[in-house]
Amino acid sequence: MTIAIPEKYATQAVPRYTSYPTAPHFHDGIDEATYRGWLAELDPAKPISLYLHVPFCKQMCWYCGCNMKLSAQYQPIADYVALLKREIHLLADALPGRLSISHIHWGGGTPNTLSPEDFRAIVDTVKERFTILDDAEHAVECDPRSLTDAMIATMGDLGITRASFGVQEFDAKVQAAINRIQPFEMVEHAVKGLRSVGVERINFDLIYGLPYQTVETLRRSIELTKDLAPDRIALFGYAHVPWRAKNQRMIPDTSLPAPEERAAQAEMAEEALTAAGYRAIGLDHFALPHDSLAQAAEAGTLHRNFQGYTDDDAETLLSVGTTGIGYTPSGYIQNIPDTRAWSRAVEAGHLPVEKGVAISEEDALRGRVITRLMCDNTVDTAAIGAEFGRPADWCGPELAKMDAFAEDGLLVRDGTRITLTPLGERLVRIVAASFDTYLQTQAAKHSAAV
């Protein structure tokens with residue numbers, strides 16, 4: 001079924017809401033001392049999540065907006081590993097006790113640029129200072145172009161439970177345009193290799209709106225993806241932000257699909273994935289019914305963080321490495337993105353915090369509404385307000401805005417209950433933005449909502 005996106009919404013730029021307040025509103029008033037105070041307040045009985053950032057890549061992908069660093073030699077990576085282990089010790093020393101870990105996520109960059117020996121050494125350091133729960137998820141983002149058989153074997157030996165691949169698109173012309181050449185056979189080898197050593201849960205990232213991409217090239221990529229049967233698929237719209245990611249300047253604006261073509265790609269992909277047995281999860285994820293993400297969506301316990309949709313319900317995410325973002329119930333922090341400055345801070349014995357934002361009660365309230373909209377496609381603002389001791393009309397002006405969305409067919413409003421229509425599910429970020437007080441008062445550039 002074709003869903004026409006009204007022109008006034010098609011190119012509207014709003015946050016992705018992987019946090020609230022969102023990252024553009026982090027500020028340098030949150031420093032190491034503040035973060036240490038937040039860490040000291042944590043409940044040692046509650047499991048936490050851990051994010052490990054490895055910024056290095058062997059090749060630049062033109063579409064990428066991540067914080068990454070090219071390294072032709074291994075020595076800078078080895079130096080980084082030594083400091084990453086030191087940061088883990090610094091972080092553990094700041095905690096009120098030995099904490100348990102329910103989720104570990106390696107991101108980048110490319111975590112498998114590490115040698116198998118250094119990868120193992122980092123895991124050993126984590127085990128030295130934390131208790132990894134027996135049922136913990138341990139996920140690693142992988143690049144099949146540099147994933148060796150030795151690393152595959154090491155991941156199996158260490159009990160990695162999930163691997164994620166940035167497939168994006170299998171079409172050769174599109175791959176050349178984004179400088180990421182990875183034929184189907186290469187990805188197939190990596191997936192089968194990991195499954196053979198016990199890393200059975202596989203994620204794929206697919207992207208629409210890429211240069212020279214068409215509905216048909218993306219359709220073919222989904223057909224090939226089905227052959228490998230990943231448990232989860234994240235379907236992202238390419239965010240063209242060349243003012244922030246300079247490498248994206250290698251992609252000519254004229255090569256990008258027009259808004260209507262981009263929308264057609266997104267619609268086709270959703271239909272093809274659901275026809276293949278995947279359940280649509282929130283804005284941009286799909287999962288097979290047996291996967292824990294699908295089960296969390298069914299149970300109404302889906303969450304959202306900087307890795308996207310997740311079944312991770314930990315209140316605290318500790319982050320190590322450059323640019324890593326973490327959070328506690330008190331607020332968000334982000335580590336120094338520059339590798340040299342981060343290194344100097346860790347060498348001096350400092351937690352390398354660059355900025356962050358404290359979460360006020362108002363932030364927590366509005367963040368809850370935004371998260372439930374993003375995760376469930378419905379929310380009762382009065383019910384959530386009651387949890388914070390607010391009257392039913394605490395967001396009267398925002399509810400008034402919902403009536404305009406209702407007229408455009410994005411949602412149905414029944415008093416304080418908002419329920420998105422299929423069109424509104426596509427534009428959920430725009431609806432959610434109505435509850436974002438920071439967006440109304442501060443200037444920040446964001447990607448298109450579709």
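Contact here means heavy atoms within 4.5 Å. That cut-off decides what counts as cover for a buried helix residue. The model is predicted.

**Helix H9 and its cover**

Start with helix H9, residues 259-275. Its buried residues are Arg262, Ala263, Gln265, Ala266, Glu267, Met268, Ala269, Ala272 and Leu273. What covers them includes three strands: S7 (201-208), S8 (232-237) and S10 (285-287). Helix H8 (215-228) and helix H15 (422-426) are also among the covering elements.

How far apart are the end C-alpha atoms of H9? They are 24 Å apart. The 17 residues of H9, at 1.5 Å a residue, should span 24 Å, so the two values agree. After H9 comes Gly277, with a positive phi near 100 degrees.

**A three-stranded sheet**

Now turn to an open sheet of three strands. Its order is S17-S19-S18, and the pairing is antiparallel. Strand S17 (378-380) and strand S18 (411-414) are the edges, each pairing on one side only. From one strand to the next, the twist averages 10 degrees.

Strands of a sheet pair through backbone hydrogen bonds, either parallel or antiparallel. Here, three bridges join S17 to strand S19, residues 417-420. One bridge partner can be named: Thr378 is matched with Thr419 in S19. On the other side, S18 and S19 pair over four bridges, again antiparallel. Arg413 stands opposite Ile418 of S19. S18 and S19 form a hairpin with two residues between them. Gly415 sits in that turn and has a positive phi of about 65 degrees.

Which side chains of S19 are buried? Ile418 and Leu420 are buried and point to one face. Arg417 and Thr419 point to the other face and are not buried. In a regular strand the side chains alternate between the two faces of the sheet.

Two helices accompany these strands. Helix H12 (residues 361-376) lies across S17 and S19, running at about 145 degrees to S17. Helix H14 (residues 396-407) packs on the sheet and touches S18 and S19. The direction of H14 makes about 135 degrees with that of S18.

Asn377 is found in the loop between H12 and S17. Asn377 has a positive phi of about 65 degrees, although it is not a glycine. Buried or exposed? Asn377 counts as buried, because its relative accessibility is 15% and the cut-off for buried is under 20%.

**Aromatic contacts**

The structure holds 10 aromatic pairs. Two of them are set out below.

| Pair | Centre to centre | Angle between planes | Geometry |
|---|---|---|---|
| Tyr20 and Tyr438 | 5.7 Å | 75 degrees | edge-to-face |
| Phe170 and Phe184 | 5.5 Å | 65 degrees | edge-to-face |

Tyr20 lies in the loop between helix H1 (7-10) and helix H2 (32-40), while Tyr438 lies in helix H17 (residues 437-441), so their pair ties together parts that are 418 residues apart in sequence. Both Tyr20 and Tyr438 are buried.

The other pair joins parts that are 14 residues apart in sequence. Phe170 lies in the loop between strand S6 (162-168) and helix H6 (172-177), and Phe184 lies in helix H7, residues 184-196. Phe170 and Phe184 are buried.

There is also an aromatic cluster, formed by Phe26, Phe306, Tyr327 and Tyr332. Elsewhere, a charge meets a ring. The charged end of Arg304 sits over the ring of Tyr309, 4.4 Å from its centre.

**Backbone details**

Some peptide bonds are cis. One runs from Tyr20 to Pro21, with omega near 0 degrees. Pro21 is found in the loop between H1 and H2. Another runs from Gly108 to Gly109, with omega near 15 degrees. Gly109 is found in the loop between S4 and helix H4 (116-129).

Gln168 is not a glycine, yet its phi is positive, about 70 degrees. Gln168 lies in strand S6. With a relative accessible area of 5%, Gln168 is buried.

**A glycine in a loop**

Last comes Gly97. Gly97 lies in the loop between helix H3 (75-93) and strand S4 (100-108). Its relative accessible area is 30%, which makes Gly97 partly exposed. Where does Gly97 stand relative to Ile281? The C-alpha atoms of Gly97 and Ile281 are 36 Å apart in space, and the two residues are 184 residues apart in sequence.

How values were computed. Residues numbered from 1 in each chain as written. Predicted model: local features only at pLDDT ≥ 70, side-chain atom pairs only at ≥ 80, totals over all residues. Heavy atoms only, no water. Buried < 20%, exposed > 50% of the residue type's maximum accessible area, 1.4 Å probe, protein only. Pairing = 2+ DSSP bridges. Axes fitted to C-alpha atoms, helices over the stretch in contact; angles between N-to-C directions. Phe/Tyr/Trp six-rings, centres within 6.5 Å; stacked < 30°, edge-to-face > 60°. Lys NZ or Arg CZ within 6 Å of the ring centre and 35° of its normal. Expected span 1.5 Å × (residues − 1).
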